[in-house]
Every structure is written in structure tokens, then in C-alpha cells.
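Subject: Structure handover

Hello,

Here is the structure I said I would pass on. My notes on it follow below.

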Amino acid sequence: MNEAEELAATAEWDLPPERHRHFKDVLMQRIDDDKQAAQKPSVRRRFARPAVLVPLVSAALAGALLTTLTTGGHTPAPEAPSASVTLGRIATAAMASDTIRVRDDQFVYVRTLDRSNKGSFTGPVELGALHTEEHWTAQDPGPLRITGWLRASGKDAIMPGQLIPVESSDPVPVGVAHPTYRWLASLPTDPDALLSRLYKEARPVDGESRDQAVFSLIGDLIGGTVMPPATMAAFYRAAARLPGVREIPDAVDATGRHGIAITLDDTGFATRDEWIFDKETLALLGSRFYITDPDRGITTETLAGTSAVIERAVVDRKGEVPARSASR
């Protein structure tokens, strides 16, 4: 077993799967740098960690990656004062959504369209082509070593067409790193109680405030799985209580759909997330991810990733695609 495989085999997976997608482009460039460094003995190698074995990033690795991003400020979009009002409307719409029944032996299927950074790690951002990503989250309460599976397809996809396990060196119990429908249904629906719980669960990475970590955690959960309507509504009402949350009147997801965005300003952090909602139905459309890094010449906030939620469903087996998706 080589150094990279040992790292992969001993990795700790402390953050929810969707949280790590923000850092995947950075990880992949690091892997490319390692390959080049291996051919040039005079160049000191960075850490090696192949995504072919570990498709997502551990909390420790995410922290290491973020230390390369300076904590310089960014120029926010024009502020709208109605974020809490809008989140209240979004919560009301979520309460009216259909309840999806999920068994413990099933998988939650989420299909998204994504663009991520394929540019040089030391240079500017270069968004890759739009590609499909599919995720299957196991509902077995476990604890599990493999909590789900993922598959990407299309130009600029990582390991296209391969079904890749999301696995840990240690069994993972239900919780933020293994969010089953049953666990989500057990969370408090009072927004203050839920927010208190999320502050305990969130694990900020280097330079990140706890408020930002909670905002990112909520975004991972609302975009990466299905949950009871009351739980979804509680997440939105909890987000409305975070200091610094604001509305952006017009934002565009990965497919070009326009909507209202909700974001949180954290001037001490080098990244920022946006959740994008349909202006009429208030359904979640997708998300955007911004970065600043003066050391790479990125002195103003730059779009470094964007995603669109296309479909959510419940299936009986990993790799299974809902019938309406199979025909597309």
C-alpha cells in the first residue's frame, strides 16, 4: 500500500457529504500537483490523497485546504433587508410540500447538475463544463462504514460513470455525517431548539465562524437529501435567526434558472455559499459557491462552483435510478 492509499484508508469523515463538494476542486488540483511533483524530485510534494479512493474530503483535510485561502474580505452583493421574511415564506411553502415515506432499507437519490473549478490551484478559477452528479444516501441507521454512493457523468466529471462509495475508516452513526430520514424526523421543529442543536453539531474549519458553519450545515442537509416538511421548515426558520443572513434579489443556478438567493456574510472567511429558490414556488433550485484568495490573484469574490437540484427520489438499491430519470 502506497502513501496515498494509507491516507485514504485511515481518513476520518467528520463532515456531511455535501459539505465536502465545495473543496473537491481544490483537492483534485492538489492531486494533479502531486503527480507533477512526483516527476520532479527537486519539488517538495504536497500531501497525496487520491479521489479514486476517497471521493470526499475529511474535516482535517478541509481545514488544511482552507488554510491556503486567505481571509481577505469580499465585496458583497447589494443587500436586501428582507432575508428573515423571505425565509419565513420559504418555510411556509416547505410545510405545504408532500411528505415522502422512506424505509430504513432504502436509499435517498439526489441528482444535480454541477460546474466546479478545474483551474490551476495556484492560479485563477476556471469553471468546468456542466456535468451530472448522482448521490445515493443509505437510510440504514447503522452505524455504517459506507454511508452512500456517488456517480458523476459528462465532460469534466471526476471518474465519470463509476459508482464510488462514500466510506469511513470507522462506522458512522446516524447524524449530520449520516443524515437518514428517520434521524431528520427526530430533530426538534422549534427553530430555536433546532438552532441550538445545530450549533452543537457544526464543526467549523479554519477561519470559519460557528454561524457560517451552521449555515453551511443547513445548506448541506436541505440540498442533499429529503426530510419531513416540518423539519425542512424548521431549518429555514432556524437559518433566519443567524446573524448576517441576507437576501440577494436575483441569482442564477447551474442551469440558468433565476431565483432569490439566501446567503450569510462572514467577513473573516474566504468563501461564501448561496441557496437559490424559485421566486414563485420558493422551491430550492440549487446553490452557488464563491471564493476569494489574493495569493492566487483572486482579489474579489469569484464564482468557484454552482449546482442545480434536478431530482430527489427514494429508491430500493444503490445505483438505481427513478424510472422518470432513466428515460431522459
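I begin with one pair of residues in the sheet: Gly286 stands opposite Ala308 in β9. The strands concerned, β8 and β9, run antiparallel and are joined by seven bridges. They form a hairpin with four residues between them, and Gly297 in that turn has a positive phi of about 85 degrees. Please keep in mind that this is a predicted model.

Overall content

The protein has nine helices and nine strands. It counts 328 residues, of which 54% are buried. The accessible surface is about 14200 Å², and carbon and sulfur atoms hold 51% of that. Among contacts with a separation of 6 or more, 63% are between residues 24 or more positions apart.

The sheet

The nine strands form an open sheet, in the order β4-β3-β2-β1-β9-β8-β7-β6-β5, with antiparallel pairing. Its edge strands are β4 (164–172) and β5, each of which pairs on one side only. On average, neighbouring strands in this sheet are turned by 25 degrees against each other, direction ignored. As general background, strands of a sheet pair through backbone hydrogen bonds, either parallel or antiparallel.

Going through the pairs for which I have details:

- β1 and β9 run antiparallel and are joined by ten bridges. Arg111 stands opposite Glu311 in β9.
- β7 pairs with β8 (residues 284–293) in the antiparallel sense, over seven bridges. Here Thr271 is opposite Ile291 in β8.
- β6 and β7 (residues 271–277) are antiparallel, with four bridges between them. Thr263 stands opposite Glu274 in β7, and a hairpin of six residues joins β6 to β7.
- β5 (residues 245–252) and β6 pair in the antiparallel sense over six bridges. Glu247 stands opposite Ile262 in β6.

Strand β6 (residues 258–264) is mostly covered, with six of its seven residues buried. The hairpin that β5 and β6 form has five residues between the strands. In its turn, Gly256 has a positive phi of about 95 degrees.

Ala254

Is Ala254, in the loop between β5 and β6, buried or exposed? Ala254 has a relative accessible area of 13%, and because buried means under 20%, this residue counts as buried. Leaving aside neighbours within four places in sequence, the residues in contact with Ala254 are Leu113, Leu130, Thr306, Ser307 and Ala308. The last of these, Ala308, is the residue that stands opposite Gly286. The C-alpha atoms of Ala254 and Thr112 are separated by 9.2 Å, although the two residues are 142 residues apart along the chain.

Helix against sheet

Helix α7 (residues 210–224) lies across β1 (107–116), β2 (131–138), β5, β6, β7, β8 and β9 (298–315). It runs at about 40 degrees to β7.

Helix against helix

Two packings involve helix α6 (residues 191–201), one with α8 and one with α7.

How do α6 and helix α8 (residues 229–239) pack? Their axes are 8 Å apart and the angle is about 80 degrees. Angles of 65 to 115 degrees count as roughly perpendicular, so α6 is roughly perpendicular to α8. On the α6 side the residues are Pro191, Leu194, Leu195 and Leu198, and these meet Ala234, Phe235, Arg237 and Ala238 in α8. By class, the residues of this contact are seven nonpolar, no polar and one charged.

For α6 and α7 the axes are 9 Å apart and the angle is about 105 degrees. These two helices are therefore roughly perpendicular to each other. From α6, the contact uses Leu195, Leu198, Tyr199 and Glu201. From α7, it uses Arg210, Asp211, Val214, Leu217 and Ile218. The residues here divide into six nonpolar, no polar and three charged. Leu195 and Leu198 of α6 are found in the contact with α8 and also in the contact with α7.

To restate the main points: the model is predicted, its nine strands form an open sheet with antiparallel pairing, and α7 lies across several of those strands, including β7. Helix α6 packs roughly perpendicular to α8 and to α7.

Regards

Note on methods: Residues are numbered from 1 along each chain as its sequence is written. This is a predicted model: local features need pLDDT of at least 70, side-chain atom pairs count only at pLDDT 80 or more; totals for chains, interfaces and linings use all residues. Side-chain values use heavy atoms; hydrogens and water are left out. Buried means under 20% relative accessible area, exposed over 50%, partly exposed in between (1.4 Å probe, protein chains only). Contact means heavy atoms within 4.5 Å. Accessible areas come from the Shrake-Rupley method with a 1.4 Å probe; for residues, only the protein chains shown count as cover. Two strands pair if DSSP finds at least two bridges between them. Axes are lines fitted to C-alpha atoms, for helices over the stretch in contact, and angles run from 0 to 180 degrees between N-to-C directions. Angles under 35 degrees count as roughly parallel, over 145 as roughly antiparallel, 65 to 115 as roughly perpendicular and the rest as oblique. Ala, Val, Leu, Ile, Met, Phe, Trp, Tyr, Cys and Pro count as nonpolar, Asp, Glu, Lys and Arg as charged, and the others, Gly among them, as polar.
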